[in-house]
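Biologist: Please show me the model. I want to ask how each label is earned.

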Amino acid sequence: AEAAIVEAQAAAKTETVIEAQIDNLQAAFDPETAFQALSATLEFVRGHAVSLHRRDAGKLIRAVDAAYDRDQRLALVKKAHLKIKEVVVRLTRTEFQREARWTPRPSDDELARLIEPHERALLLSHLRNFVVAFDNMPAAERQTLSTMREVVVNLDWLCALAKLGVASDR
């Protein structure tokens, strides 16, 4: 799996890198590898989901302000994770165990058909808050997140939902 990651990085295809990292994490969970995978994915999500447009500035400032407080920061992460998982459970009609891989993931076109525009906007807002909260967490706090493994092994969902939300937001 590490060879696949190196090969994908050489090709500079972000989604391929993420898929290779997910495959690698399936074999054995290593917190350091997971942290790197999560950081790489959030860079991708940040690039798609965090807009510096004037209309989004107020929401972003509120999230940044909330992220300074440890309890509020953790609440942003948990709330985002729960909302995303709620949507995934509804779409897949499957109750997933904690830290499980959410499968199957519908295609991007199928996600666009299944998720209503108002819910896409809500998901995008939660993803933005997740990224802001994560960016403002000290490294030690990031590594103690109980939801980290579940988020990491489902990075493809985060990326797909971020792309869908941004495409709907334009």
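Modeller: Here are some questions and answers on a cavity, a helix pair, an aromatic pair and a loop. Keep in mind that this is a predicted model.

Biologist: What makes the aromatic pair of W102 and W157 edge-to-face?

Modeller: Two checks. Ring centres must lie within 6.5 Å to pair. The centres of W102 and W157 are 6.4 Å apart, so they pair. Planes over 60 degrees apart count as edge-to-face. The planes of W102 and W157 stand at 70 degrees, so the label holds. A search of the whole structure finds one aromatic pair.

Biologist: How do you know that the pair links distant parts of the chain?

Modeller: Look at the numbering. W102 and W157 are 55 residues apart. W102 is in the loop between α5 and α6, while W157 is in helix α10.

Biologist: Which residues line the largest cavity?

Modeller: W102 appears again, with H81, I84, V151, N154 and L158. The search of the whole structure used a threshold of 30 Å³ or more and found one cavity. Its volume is about 30 Å³.

Biologist: Why is that space called a cavity?

Modeller: A 1.4 Å probe fits there but cannot get out, so the space is a cavity and not an open pocket.

Biologist: What classes of residue make up the lining of the largest cavity?

Modeller: Four are nonpolar and two are polar. None is charged. Trp, Ile, Val and Leu count as nonpolar, so W102, I84, V151 and L158 make up the four.

Biologist: How do you describe two packed helices?

Modeller: By the angle between their axes and the distance between the axes. The axes of α5 (residues 70-92) and α7 (residues 117-135) come within 8 Å. They cross at roughly 145 degrees. The crossing is left-handed.

Biologist: How do you know which residues of α5 and α7 meet?

Modeller: Contact means heavy atoms within 4.5 Å. On the α5 side, the residues in contact include R73, L76, K83 and I84. On the α7 side, they include E119, L122, H126 and F130. The contact residues divide into ten nonpolar, two polar and five charged.

Biologist: What stands out in the backbone of the loop between α5 and α6?

Modeller: R93 is in that loop. R93 has a positive phi of about 55 degrees, although it is not a glycine. P104 is in the loop too.

Biologist: What kind of peptide bond joins T103 and P104?

Modeller: A cis bond, with omega at about -10 degrees.

Terms used. Residues are numbered from 1 along each chain as its sequence is written. This is a predicted model: local features need pLDDT of at least 70, side-chain atom pairs count only at pLDDT 80 or more; totals for chains, interfaces and linings use all residues. Side-chain values use heavy atoms; hydrogens and water are left out. On a 1 Å grid over the protein atoms alone, a cavity is a set of points where a 1.4 Å probe fits but cannot get out, and a pocket is an open set with protein on both sides within 12 Å along at least five of seven lines; lining residues have an atom within 4 Å of a point. Grid points are joined across faces, edges and corners, and a volume is the space filled by probe spheres set on the points. Axes are lines fitted to C-alpha atoms, for helices over the stretch in contact, and angles run from 0 to 180 degrees between N-to-C directions. Helices (H or I, at least four residues) and strands (E, at least two) are DSSP runs, numbered from the N terminus. A crossing is left-handed if the near helix is turned anticlockwise from the far one by less than a right angle, and right-handed if clockwise. Rings of Phe, Tyr and Trp (its six-membered ring) pair if their centres lie within 6.5 Å; planes under 30 degrees apart count as stacked, over 60 as edge-to-face and the rest as tilted.
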